[in-house]
Amino acid sequence: PKKEDYPYPETAYSVISWWDYGHWITRIAHRIPIANPFQQGAREAGKYFTAQNETAANQQMDELGARYVIIDHTMSSGKFYAMAMYAGKNQDDFQETYYVPEEGGKLNPARLFHPSYYYSTTARLFNFDGKGVVPSNSTMVISWEKKTSREGVSYKEITGSWPFPTYEKAEAYISSQESGNYEVVGNDPFVSPVPLEKMEHYELRYLAQTPEGRPLIKMFEYKR
């Protein structure tokens, strides 16, 4: 009856995805979404998908009674900022626009990804299928300076960039610098510049792709 609690059986479980897809999970899958388009559960979903290690992610899955994770390609790209925002985090801590000076004083924007993006649950599951990653010739270090445009807008201008064969050598280079702003970044969300551990408790159960083989949707089962 309306407004009365429903006695869910012990076998019931929930599904975590971004709130955009909550009603689809209810209507099509007949399962309980963690988040829905009323933004209920959006904060919890944002915290899960931006979590920086598997321990934190698993703790939320256990607390929420979730068994499956559904991620689509927009969550690892255009919608990532929203998940960071609902989690109370700054998007620039994950991915940020820098500017590269060219001849004639022109500045070209470059969207770069911080290590925290690659550590996120979203990237580790959707971009790397939860597998471990050892970077090889994919780690880049940049130096940058904060500048102010004629309009009074602050921005970060890249003053140098160096590729490294391993993450360890990149870290050693940064540690050897006595001053300045240096950091490890990546320019491809599907190529990690930092080592990633295997996510031990997640198994890929479903994959939808474009005709060209690009991933669109992935569903993982969480194994407690």
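How many residues in the lining of the largest pocket are nonpolar, how many polar and how many charged? Keep that one in mind while you get your bearings; the tour comes back to it at the pocket.

**The whole chain**

What you have open is a predicted model. Show the chain as a cartoon and you can pick out seven helices and ten strands. The C-alpha atoms fill a box of roughly 70 × 40 × 40 Å along the principal axes. Colour by burial and 42% of the 224 residues come up as buried. Now take contacts between residues at least 6 apart in sequence: 59% of them join residues at least 24 apart.

**Stop one: the largest pocket**

Select Tyr21, Trp24, Ile25, Ile70 and Ile217. Among the 14 residues that line the largest pocket, these lie nearest its centre. The volume here is about 330 Å³. And the opening question? The lining splits into eleven nonpolar residues, one polar and two charged.

Next, colour by element of structure. Helix 1 (22–29), strand 3 and strand 10 each put at least two residues into the lining. Helix 1 gives the most, with four.

**Stop two: helix 3**

Select residues 54–64, which is helix 3. Start just ahead of the helix, with asparagine 53: one of its side-chain oxygens comes within 3.2 Å of the backbone nitrogen of threonine 55, at the start of helix 3. At the other end, the helix is followed by glycine 65, which has a positive phi, near 70°.

Now show side chains for Glu54, Ala57, Asn58, Gln60 and Met61, which are buried. Why do they sit on the same side of helix 3? Because they cover an arc of only 160° around the axis. Some background helps here: an α-helix has 3.6 residues a turn, so residues three or four places apart point the same way. Turn to the other side of helix 3 and you meet Thr55 and Glu63, both exposed.

What do the buried residues of helix 3 pack against? Switch on strand 1 (14–16), helix 2 (42–49), strand 3 (66–72), helix 6 (121–127), strand 9 (202–209) and strand 10 (215–222), and you have their partners.

Before leaving, zoom in on glutamine 60, a residue of helix 3. Glutamine 60 has a relative accessibility of 11%, so it counts as buried, the cut-off being under 20%. Leaving out residues up to four places away in sequence, glutamine 60 touches Glu44, Lys47 and Tyr48.

**Stop three: helix 2**

Follow those contacts across to helix 2. Select Ala42, Ala45, Gly46, Tyr48 and Phe49, which are buried. Their arc around the axis is only 165°, so they lie on the same side of helix 2. The buried residues of helix 2 pack against strand 1, helix 3, strand 3, helix 4 (80–86), helix 6 and strand 9.

**Last stop: glycine 132**

Finish in the loop between helix 6 and strand 6 (139–148), where you find glycine 132. Is glycine 132 buried or partly exposed? Its relative accessible area is 46%, so glycine 132 is partly exposed.

Add proline 195 to the selection. Glycine 132 and proline 195 are 63 residues apart in sequence, yet 7.6 Å apart in space, C-alpha to C-alpha. Then show Leu196, Glu197 and Lys198: glycine 132 is in contact with these, neighbours within four places in sequence left aside.

Notes
Residues are numbered from 1 along each chain as its sequence is written. This is a predicted model: local features need pLDDT of at least 70, side-chain atom pairs count only at pLDDT 80 or more; totals for chains, interfaces and linings use all residues. Side-chain values use heavy atoms; hydrogens and water are left out. Buried means under 20% relative accessible area, exposed over 50%, partly exposed in between (1.4 Å probe, protein chains only). The arc is that of the directions from the helix axis to the C-beta atoms. Contact means heavy atoms within 4.5 Å. A polar contact is a pair of N or O atoms within 3.5 Å; within protein, one must be able to donate a hydrogen and the other to accept it, and residues adjacent in sequence count only if both atoms are side-chain atoms. On a 1 Å grid over the protein atoms alone, a cavity is a set of points where a 1.4 Å probe fits but cannot get out, and a pocket is an open set with protein on both sides within 12 Å along at least five of seven lines; lining residues have an atom within 4 Å of a point. Grid points are joined across faces, edges and corners, and a volume is the space filled by probe spheres set on the points. Ala, Val, Leu, Ile, Met, Phe, Trp, Tyr, Cys and Pro count as nonpolar, Asp, Glu, Lys and Arg as charged, and the others, Gly among them, as polar.
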